[in-house]
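Subject: Handing over the structure

Hi,

Here's the structure I promised to pass on. Have a look at it first, and then read on for what turned up.

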Amino acid sequence: MYLTRQQEAILSGSSGEVAQRFMRLLERLGTIYGAEEMVPAESSQIAGVSYKSIGDAGLEFLEDLASKGANVVIPSFLNPAGIDIGAWKDLGISETFAEKQIRIIEAFKKMGIECSMTCAPYASGNLLHFGQHLAWSESSAVSFANSVIGAMTNREGGPSSLAAAVCGFTPRYGLHLEENRCPSILVGVSAELKNEADFGALGYAVGKAAKKGIPYFRGIKATETDCLKALGAAMAASGAVALYHVENLTPEASRYTGEKMSDSISFGSEELEDVKKTINSGKEPDIVMIGCPHSSIAEIRDISSMLKGKELKKPLWVCSSRATRMAAENMGYEKTIRDAGGRIVCDTCMVVAPIEDLPFRTVGINSGKAACYLPSLCGKDIVFGSTKELIGMIS
Ligand code: F3S
């Protein structure tokens, strides 16, 4: 792979030991995937933050990097951690877990990484633009950046996104090349998609069929950005979809009108009902958890209107970023949710927090992505529905 003089210098140690190690990793990664060169990464989003996912080995690795002076050179921010920094005790998280989680966050902070701890950084101050190259690693954020914005990022692992953050480059292969962004599977949608849960169910089904492919949706009418967020997140979890196009909606779709795709599937009302039946494994939720991916301020506003004057019979978590929660506090939405008995949980989510240790069996969710992970990673049963339906069940 061709390296510039600057990249060669980093590789020979001019920017220190950590940058040298990371440049070696990027160079090897690029070689494996046939990259001809590196491209400057404009930002990095780093997953592998929760102590639940990376354990003691990850904690030691990060503390070692931080002690050796690792420092990022591009805007870099963190995926959710395993705790809400300000409320982990109230949520029932153990002290041992919290102590190790805080050390992980401190190590990242020492490297200059913004501890935003959200999987929706684009919704809290990290603006994206079409065509820019990124090194992002959380799968739903990757899908959103590629598909809804038209930015270009592969689905990086935690180490390679950190490497890009420290070196400022990422190998140019995969979705950094326009020729690799063509759709491979046509999805004809005739089902009426009424809410975010319907989009999540569509994503759940299409991800399984498309695997690593690039779906092209036909038949989806104009919709809210939060529904596209839900669609992409589900496909990235049930399959490994990192990019999709929606006819007349997403920015690159018009390039591919008339493109011949090797495969096609249809998704009508029958398929929609079938997916929902497959996902549902419980009857009544013991708790409702919204916010996978992290809720936007618009979603929190809607939840607050649904809860005005109500008293919840069961707990409600609305997972979001700390920045969005502050906006919700300013607007009074957080108080309305709290007065009803719910809470906005930030810095974490229902998948990366150790909810397997918390005393409830069945979780009400509106997310196709959470539907993939809650049974396998957290051992919970699921009641699947829209936010409105779930709130109706517990109020
Ligand atoms: Fe985000 Fe957690 Fe879902 S990181 S996409 S809320 S699994």
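Which helix supplies the largest share of the lining of the largest cavity? That would be helix H8 (residues 225–238), with three residues. Before going further, please keep in mind that this is a predicted model.

**The cavity**

Counting cavities of 30 Å³ or more gives one, and about 80 Å³ of space lies in the largest cavity. Its lining is made up of Glu196, Asp226, Lys229, Ala230, Ile290, Gly291, Cys292, Pro293, Ser295, Glu299, Asn366 and Ser367. Sorted by class, that lining is evenly split: four nonpolar, four polar and four charged residues.

**The ligand**

Around the ligand you'll find Pro80, Cys119, Glu138, Ser140, Gly291, Cys292, Pro293, Cys349, Val351 and Lys369. Here the classes come out as six nonpolar, two polar and two charged residues. Some names come up twice: Gly291, Cys292 and Pro293 are part of the shell around the ligand, and Gly291, Cys292 and Pro293 also line the largest cavity.

That stretch has another feature to look at. The peptide bond between Cys292 and Pro293 is cis, with omega at about -5°. As for where to find it, Pro293 sits in the loop between strand S10 (287–290) and helix H10 (297–307).

**The five-stranded sheet**

Strand S10 also belongs to an open sheet of five strands, ordered S12-S11-S10-S13-S14, with parallel pairing. At the edges are strand S12 (342–346) and strand S14 (381–384), each of which pairs on one side only. From one strand to the next, the twist averages 30°.

If you want to zoom in on one pair, try strand S11 (residues 316–320) and S12, which pair in the parallel sense over five bridges. In that pair, Val318 stands opposite Ile344 in S12. Helix H13 (residues 368–378) packs on this sheet, where it touches strand S13 (362–365) and S14. The direction of H13 makes about 165° with that of S14.

**Where H8 meets H13**

Now back to H8, the helix with the largest share of the cavity lining. What does H8 meet in H13? On the H8 side, Ala233, Ala234, Ala237 and Ser238 are in contact, and their counterparts in H13 are Gly368, Lys369, Cys372 and Tyr373. The residues of this contact divide into five nonpolar, two polar and one charged. The two helix axes come within 6 Å and cross at roughly 35°. You may recognise Lys369 of H13, since Lys369 is also one of the residues surrounding the ligand.

**The four-stranded sheet**

There's also an open sheet of four strands, in the order S8-S7-S6-S9, and its pairing is parallel. Strand S8 (245–246) and strand S9 (263–267) are the edge strands, each pairing on one side only. S7 and S8 run parallel and are joined by two bridges, with Phe217 standing opposite Val246 in S8.

One last residue to check is Lys211, in the loop between helix H7 (196–210) and strand S7 (215–218). What is its phi, positive or negative? Lys211 has a positive phi of about 55°, although it is not a glycine.

**Where to start**

I'd begin at Pro293: it is one of the residues around the ligand, it lines the largest cavity, and it follows the cis peptide bond from Cys292. From there you can move on to the sheets and helices.

Cheers

Definitions and conventions
Residues are numbered from 1 along each chain as its sequence is written. This is a predicted model: local features need pLDDT of at least 70, side-chain atom pairs count only at pLDDT 80 or more; totals for chains, interfaces and linings use all residues. Side-chain values use heavy atoms; hydrogens and water are left out. A residue is near a molecule or strand if one of its heavy atoms lies within 4 Å of it. Ala, Val, Leu, Ile, Met, Phe, Trp, Tyr, Cys and Pro count as nonpolar, Asp, Glu, Lys and Arg as charged, and the others, Gly among them, as polar. On a 1 Å grid over the protein atoms alone, a cavity is a set of points where a 1.4 Å probe fits but cannot get out, and a pocket is an open set with protein on both sides within 12 Å along at least five of seven lines; lining residues have an atom within 4 Å of a point. Grid points are joined across faces, edges and corners, and a volume is the space filled by probe spheres set on the points. Two strands pair if DSSP finds at least two bridges between them. Axes are lines fitted to C-alpha atoms, for helices over the stretch in contact, and angles run from 0 to 180 degrees between N-to-C directions. Contact means heavy atoms within 4.5 Å.
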